[in-house]
Amino acid sequence: MKTVGVIIGDYYQKLLRICDRHGIALNLDIENPSLKVFQEKALCDFLKYQIPMAVKACKGHDGAHIALVQKSIAGSNMSRFSIKYSGETLQPEQKQRLQDAGLEVRARFGYDTIISIKL
């Protein structure tokens with residue numbers, strides 16, 4: 001069983017290079033990097049599919065940024081993993097597809113988009 005730091009670290013290093021090439025600021029806000037992840041595949045799939053969407057939305061936007069965030073959920077053994085990004089806002093049908101897949105989505109024009117999963 002891997003830790004949050006190990007799983008996200010693999011993606012973060014690749015993402016750092018991509019963001020650097022496109023002038024996108026990248027932040028990492030991991031509350032507990034030593035936390036064991038029981039649903040590794042779910043987290044990896046989330047990162048694998050949502051990171052490219054964030055990069056695509058941010059390309060060509062001055063001052064664009066992406067953040068990978070992990071916060072514990074009070075009163076439970078779960079954490080919320082989020083990808084927060086600026087750039088193009090999701091279309092309503094995109095937002096609905098993500099919600100239908102069980103993800104939490106906050107996306108409004110003029111504000112950041114945040115896509116989250118609870119594990």
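The following paragraphs describe the fold, surface and nonpolar core of a predicted protein model.

In this predicted model, local features require pLDDT of at least 70 and side-chain atom pairs count only at pLDDT 80 or more, whereas totals for chains, interfaces and linings use all residues. Residues are numbered from 1 along each chain as its sequence is written, and side-chain values use heavy atoms, with hydrogens and water left out.

The protein comprises three helices and five strands (DSSP runs of H or I, at least four residues, and of E, at least two, numbered from the N terminus). The order from the N terminus is α-β-α-β-β-α-β-β. The radius of gyration is 14 Å, close to the 14 Å given by the globule rule for 119 residues, so the protein is as compact as a globular protein of that length (C-alpha atoms; the rule is 2.2 Å times the number of residues to the power 0.38). The C-alpha trace spans about 35 × 30 × 20 Å along its principal axes.

Of the 119 residues, 37% are buried (under 20% relative accessible area, 1.4 Å probe, protein chains only). The largest nonpolar core (buried Ala, Val, Leu, Ile, Met, Phe, Trp, Tyr and Cys residues joined through side-chain atoms within 4.5 Å) contains 32 residues, of which F46, L47, I66, I83 and Y85 touch the most other members. At least two core residues come from each of α1 (4-22), β1 (25-30), α2 (40-58), β2 (65-72), β3 (79-85) and β5 (113-118); α2 contributes the most, with eight. Residues up to four places away in sequence aside, F46 touches I51, F81, S82, I83, L103, I115, S116 and I117 (heavy atoms within 4.5 Å).

Terms used:
Buried < 20%, exposed > 50% of the residue type's maximum accessible area, 1.4 Å probe, protein only.
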